[in-house]
Amino acid sequence: MGGCAGSRQRLSDSEGEETDPAPRPPLQDRQGAHWKNAVGFWLLGLCNNFSYVVMLSAAHDILSHQRAPGNQSHVDPDPTPTPHNSTSRFDCNSVSTAAVLLADILPTLIIKLLAPLGLHLLPYSPRVLTSGICAAGSFILVAFSHSVATSLCGVVLASISSGLGEVTFLSLTSFYPRTVISWWSSGTGGAGLLGALSYLGLTQAGLSPQHTLLSMLGIPALMLASYFLLLTSPGSQDPGGEEEAETAARQPLINSEAPELKPGSGSHLSLQERWTVFKGLLHYIVPLVLVYFAEYFINQGLFELLFFRNTFLSHAQQYRWYQMLYQAGVFASRSSLRCCHIRHTWALALLQCLNLAFLLADVWLSFLPSIYLVFLIILYEGLLGGAAYVNTFHNIALETSDEHREFAMATACISDTLGISLSGLLALPLHDFLCRLS
């Protein structure tokens, strides 16, 4: 590359012109870096949300767990509903699955609340390592759990992993072209689908939940490999010269000083600037809070109560199918940004709230004749939620300045977590109220 640069210098000297500005790396290297980063962010989205989704898919099993001494799995593949209220038309667990939701989301909420105060300024690599270790720990702890309380501690580890990872990777997108946001969002949707489908498929095939969870330990390792070995240095996006640019385009983050030594322009913002940026984000944050409040009120407050006795599916299997179909809708819509860009996310919030009202009415009145109608509604619910997520962050990336983007992305990611937390807090008393009445 030095000979090529020298030839270009001699040519400009012979023509009496100034030296060319910093040349871009060869097209092949730029394309290679683009696809490595695209695949890298897709895998990071997949791995980051995987443990979170699996814990929600296993929520019914975790709460149905009544371990006898010597039992080697934390719950049977299709648990006998001994702790349920057998007289209830809802076949209720003694505790709502919203309890698992709260254990799976409150630590994430705390992490995201700390992010705008400076958490996002910590070096990236230690945060990624911590996230991966917590994800692996969550699978191991729940797999070998002897009680619901221990299982919930494992769920908390999954929450820490997911929350820390989301703050980290969304902030990291500010160093790369905006297209990586759509890849990240698609990967998080893929985590929902593959996480729910893998748990459903492996348990349906007869594998115990313990062995199902242990089989997923490769996911945290894949996340670490994607970050350290697949992503290229952010320096390749704004090269200082041809040789430097080509080196950066080929350089994985494990050998790079960026962004650890350059935390980003967000670190230099004053409190007043951060408050101004936050106020400007509210017209995106509030709709996303409403979308996630409505959909997780449905998922963890109503899924367990949408119980059909006249089907070939057991109650536990119905719950797993609900989770899988919801995640399929999320994956499809989070991958749709290239086809459909929605600017007015308030419309999605309104439609999701109507979804909640309709399904809450059905839980109360039982007017839907078939579980397949519920399947369609849940798929539609997932489509709305995924579209709200990817379009919110895409719009923020488009409308914020380079100086504010890292802080804005870290701040806005609190939206979904806040909505989910509020839904879990309200779903618990609703569950108890309806189960006492039925």
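In the predicted model, the side chains of Glu 399 and Arg 343 meet in a salt bridge, with an N to O distance of 2.7 Å. Glu 399 lies in helix α14 (residues 371-399), whereas Arg 343 belongs to the loop between α12 and α13, so the pair ties together parts of the chain that are 56 residues apart in sequence. Glu 399 has a relative accessibility of 39% and therefore counts as partly exposed, a value that falls between the cut-offs of 20% for buried and 50% for exposed residues.

The structure holds 4 salt bridges, and one of them joins Lys 112 to Asp 416, whose closest N and O atoms are 3.2 Å apart. Because Lys 112 lies in helix α4 (residues 98-114) and Asp 416 in helix α16, this pair ties together parts that are 304 residues apart in sequence. Both partners, Lys 112 and Asp 416, are buried. The pairing also extends to a further residue, in that Lys 112, Glu 166 and Asp 416 are linked in a network of salt bridges. Helix α4 also contains Thr 108, which is buried, with a relative accessible area of 3%. When neighbours within four places in sequence are left aside, Thr 108 is in contact with Ser 159, Gly 163 and Thr 417.

A salt bridge within a single helix is formed by Asp 402 and Arg 405, whose side chains meet at 2.7 Å, N to O. The two residues both lie in helix α15 (residues 402-412), 3 residues apart, which is about one turn of the helix. An α-helix has 3.6 residues a turn, so residues three or four places apart point the same way. The partners nevertheless fall into opposite accessibility classes: Asp 402 is exposed, with a relative accessible area of 58%, while Arg 405 is buried, with a relative accessible area of 10%.

On the surface, a nonpolar patch is formed by Phe 358, Trp 364, Leu 365, Phe 367, Phe 433 and Leu 437, which together present about 630 Å² of accessible area. Helices α13 (346-365) and α16 (414-437) each supply at least two residues of this patch, and α13 gives the most, with 3 residues. Among the members of the patch, Leu 365 is found in helix α13 and has a relative accessibility of 58%, so that Leu 365 counts as exposed.

With regard to annotation, the unreviewed UniProt entry lists as "transmembrane region" the residues 39-59, 98-122, 134-160, 180-200, 212-230, 281-298, 346-365 and 371-390. Two of these spans can be described in the model. Residues 180-200 are 100% helix and 0% strand, and the end C-alpha atoms of this span lie 30 Å apart. Over residues 212-230, by comparison, the chain is 84% helix and 0% strand, with the end C-alpha atoms 27 Å apart.

Helix α12 (residues 315-334) comprises 20 residues and reaches 29 Å from its first C-alpha to its last, a value close to the 28 Å expected at 1.5 Å a residue. This helix is mostly covered, since 16 of the 20 residues of α12 are buried, that is, they have under 20% relative accessible area.

Conventions: Residues numbered from 1 in each chain as written. Predicted model: local features only at pLDDT ≥ 70, side-chain atom pairs only at ≥ 80, totals over all residues. Heavy atoms only, no water. Patch = residues over 30% accessible without salt bridge, like charges linked within 9 Å, V, L, I, M, F, W, Y side chains within 5 Å. Areas by Shrake-Rupley, 256 points an atom, 1.4 Å probe, with all protein chains shown as cover. Helix = DSSP H or I, 4+ residues; strand = E, 2+ residues; numbered from the N terminus. Buried < 20%, exposed > 50% of the residue type's maximum accessible area, 1.4 Å probe, protein only. UniProt positions renumbered as here; feature names shortened; annotations may be inferred. Expected span 1.5 Å × (residues − 1). Contact = heavy atoms within 4.5 Å.
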